[in-house]
Amino acid sequence: MPAAAAIAWTGDLETGDLSQFNFVLNGTVNRITYASAVQDLVLQGAYAARIELHNDAVWPNGLRRVELQHVPDAARTAEGATTCFAWSFQLPETLPEDPGHTLGYWESQNSYQQMMAFNTNGDDIRFITQQPSYTEHWTAQDVLTPGVWHRIAMCVLWSQDPGVGTVDVWFDGEQVRSEEHTSELQ
């Protein structure tokens with residue numbers, strides 16, 4: 001019998017705005033909107049998020065950043081909890097090779113250190129972890145096709161014990177990383 005779980009949060013933008021997210025970074029810079037809910041390019045439903053990155057969307061550390069942030073209830077990422085989530089995205093054109101871009105990342109709430117991320121260079125994508133050191137766990141070349149919807153899904157068993165925590169990743173419906181303990185991630 002398949003496992004079933006209740007949906008804990010939805011960020012589908014069907015509210016017509018970004019109110020489902022806890023925080024929007026650089027959503028508007030110099031009166032120009034870089035993060036918004038739109039209806040002209042949608043995979044499902046009536047709305048999708050449009051994120052634009054421009055040179056004036058700079059974070060104090062010098063990185064250009066525009067992001068939507070959701071902070072789950074603490075129980076969702078507590079020791080032993082499993083969280084599964086997914087999102088779809090479409091790029092209007094091939095991203096630059098240099099500098100690379102980050103499409104999605106997770107950081108610890110107390111240290112604000114990036115723990116996991118999906119990074120890109122051109123039309124290549126990779127899943128990486130940053131702690132205790134930078135490690136690439138999956139790389140795919142020539143897959144970020146402009147004008148095509150792509151989907152990333154993950155299931156994470158959260159644990160501070162590297163012998164217990166696991167991460168599964170799917171890209172466009174194919175499992176590209178299977179349930180490995182985080183000790184094997186290092």
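Which residue forms a salt bridge with R50? In this predicted model, the partner of R50 is E52, and the views below set this pair beside the other salt bridges and the nonpolar cores.

**View 1. Salt bridge between R50 and E52.** The closest N and O atoms of the two side chains lie 3.0 Å apart. R50 has a relative accessibility of 41% and therefore counts as partly exposed. E52 is likewise assigned as partly exposed, its relative accessible area being 25%. The structure holds 3 salt bridges, and the R50–E52 pair is one of them.

**View 2. Salt bridge between E67 and R65.** Here the closest N and O atoms are separated by 2.9 Å. Are these two residues buried or exposed? E67 is buried, because its relative accessibility of 13% is under the 20% limit. R65, at 17% relative accessibility, also counts as buried.

**View 3. Salt bridge between E136 and R126.** The side chains meet with an N to O distance of 3.5 Å. E136 belongs to strand β11 and R126 to strand β10, so the pair ties together parts that are 10 residues apart in sequence. E136 is partly exposed at 42% relative accessibility, whereas R126 is buried with a relative accessible area of 15%.

**View 4. Pairing of β10 with β11.** The strands that carry R126 and E136 run antiparallel and are joined by 5 bridges. A hairpin of 5 residues leads from β10 to β11. Within the pair, I125 of the core stands opposite A140 in β11. In a regular strand, side chains alternate between the two faces of the sheet.

**View 5. The largest nonpolar core.** This core comprises 17 residues. Which residues have the most contacts inside it? They are F118, I125, F127 and M154. At least two core residues come from each of the strands β9 (114–121), β10 (124–129), β11 (135–140), β12 (150–157) and β13 (166–171). Strands β10 and β11 thus appear both among these contributors and in the antiparallel pairing of View 4.

**View 6. A second nonpolar core.** Separate from the core of View 5, this one has 8 residues. Among them are L13, L18, A35 and V66. V66 stands between R65 and E67 in the numbering, and those two flanking residues form the salt bridge of View 2.

Key:
Residues are numbered from 1 along each chain as its sequence is written. This is a predicted model: local features need pLDDT of at least 70, side-chain atom pairs count only at pLDDT 80 or more; totals for chains, interfaces and linings use all residues. Side-chain values use heavy atoms; hydrogens and water are left out. A nonpolar core is a set of buried Ala, Val, Leu, Ile, Met, Phe, Trp, Tyr and Cys residues joined through side-chain atoms within 4.5 Å. Buried means under 20% relative accessible area, exposed over 50%, partly exposed in between (1.4 Å probe, protein chains only). Two strands pair if DSSP finds at least two bridges between them. A salt bridge is a side-chain nitrogen of Lys or Arg within 4 Å of a carboxyl oxygen of Asp or Glu.
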